[in-house]
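Colleague: Please take a close look at one sheet in this model and at what connects to it. I would like one connected account.

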Amino acid sequence: QVQLVESGGGLVQAGGSLRLSCAASGLTFSTYGMGWFRQAPGKEREFVSGINWSGGSTVYADSVKGRFTISRDNAKNTVWLQMNRLKPEDTAVYYCAADPTGWHRTYSEGYDTWGQGTQVTVSS
């Protein structure tokens with residue numbers, strides 16, 4: 001079966017950093033685009049960042065651009081989200097997802113496989 005497993009979430013003070021990891025199995029990782037989404041309590045799930053199949057193209061939501069960096073290593077079947085200068089409004093459950101088209105679409109309906117999520121809490 002296809003599985004995505006996120007890790008690296010936790011509690012951090014505003015201005016701090018976290019690095020999220022997403023390990024993939026059961027799919028041909030190098031043919032998939034990958035995305036990060038987040039969902040805060042009472043809010044809709046929103047797109048955070050995406051990376052295409054090769055890692056040659058990335059995209060970021062305006063709210064995180066300049067602070068977050070997405071990367072991948074196809075040999076390790078892993079995608080990361082480096083989060084710097086975190087803000088309380090970044091607090092959410094973060095999910096990684098796989099895009100079967102190989103691109104980094106910015107809407108959740110474009111992704112067919114999701115991880116279980118990892119909690120990120122940023123305190124002030």
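Modeller: Start with β7 and β8. This is a predicted model, and in it six bridges join β7 to β8. The two strands run antiparallel. One pairing gives the register: Thr69 has Gln82 in β8 as its bridge partner.

Now step across β8. Strand β8 covers residues 78–83 and is also joined to β3, again by six bridges. This pair, too, is antiparallel. Here Ala23 stands opposite Thr78 in β8.

Go on to β1. Strand β1 spans residues 3–7, and β3 spans residues 18–25. Five bridges hold β1 and β3 together, and the two run antiparallel. Gln3 finds its bridge partner in β3 at Ser25.

Put the pieces in order. The result is an open sheet of four strands, β1-β3-β8-β7, with antiparallel pairing. Its edge strands are β1 and β7, the latter at 68–73, and each of them pairs on one side only. On average, neighbouring strands in this sheet are turned by 15 degrees against each other, with direction ignored.

A general point on side chains helps before leaving the sheet. Along a regular strand, they alternate between the two faces of the sheet.

Next, the nonpolar core. The largest one has 28 residues. Met34, Trp36, Phe68, Val79, Leu81, Met83 and Tyr94 have the most contacts inside it. From the sheet, β3, β7 and β8 each supply at least two residues of this core. The strands β4 (33–39), β5 (46–51), β9 (92–99) and β11 (118–123) each do so as well.

That leaves the covalent link. The disulfide count comes to one. Cys22 and Cys96 form it, with their sulfur atoms 1.9 Å apart. The cut-off for such a pair is 2.5 Å. The link of Cys22 and Cys96 is right-handed, with 50 degrees about the S-S bond. Cys22 lies in β3 and Cys96 in β9, so the disulfide ties together parts that are 74 residues apart in sequence. Cys22 and Cys96 are both buried.

So much for the separate pieces; β3 is a good place to finish. Strand β3 has five bridges to β1 and six to β8. It supplies at least two residues to the largest nonpolar core. It also holds Cys22, the partner of Cys96 in β9.

Methods:
Residues numbered from 1 in each chain as written. Predicted model: local features only at pLDDT ≥ 70, side-chain atom pairs only at ≥ 80, totals over all residues. Heavy atoms only, no water. Pairing = 2+ DSSP bridges. Axes fitted to C-alpha atoms, helices over the stretch in contact; angles between N-to-C directions. Core = buried A, V, L, I, M, F, W, Y, C linked by side-chain atoms within 4.5 Å. Buried < 20%, exposed > 50% of the residue type's maximum accessible area, 1.4 Å probe, protein only.
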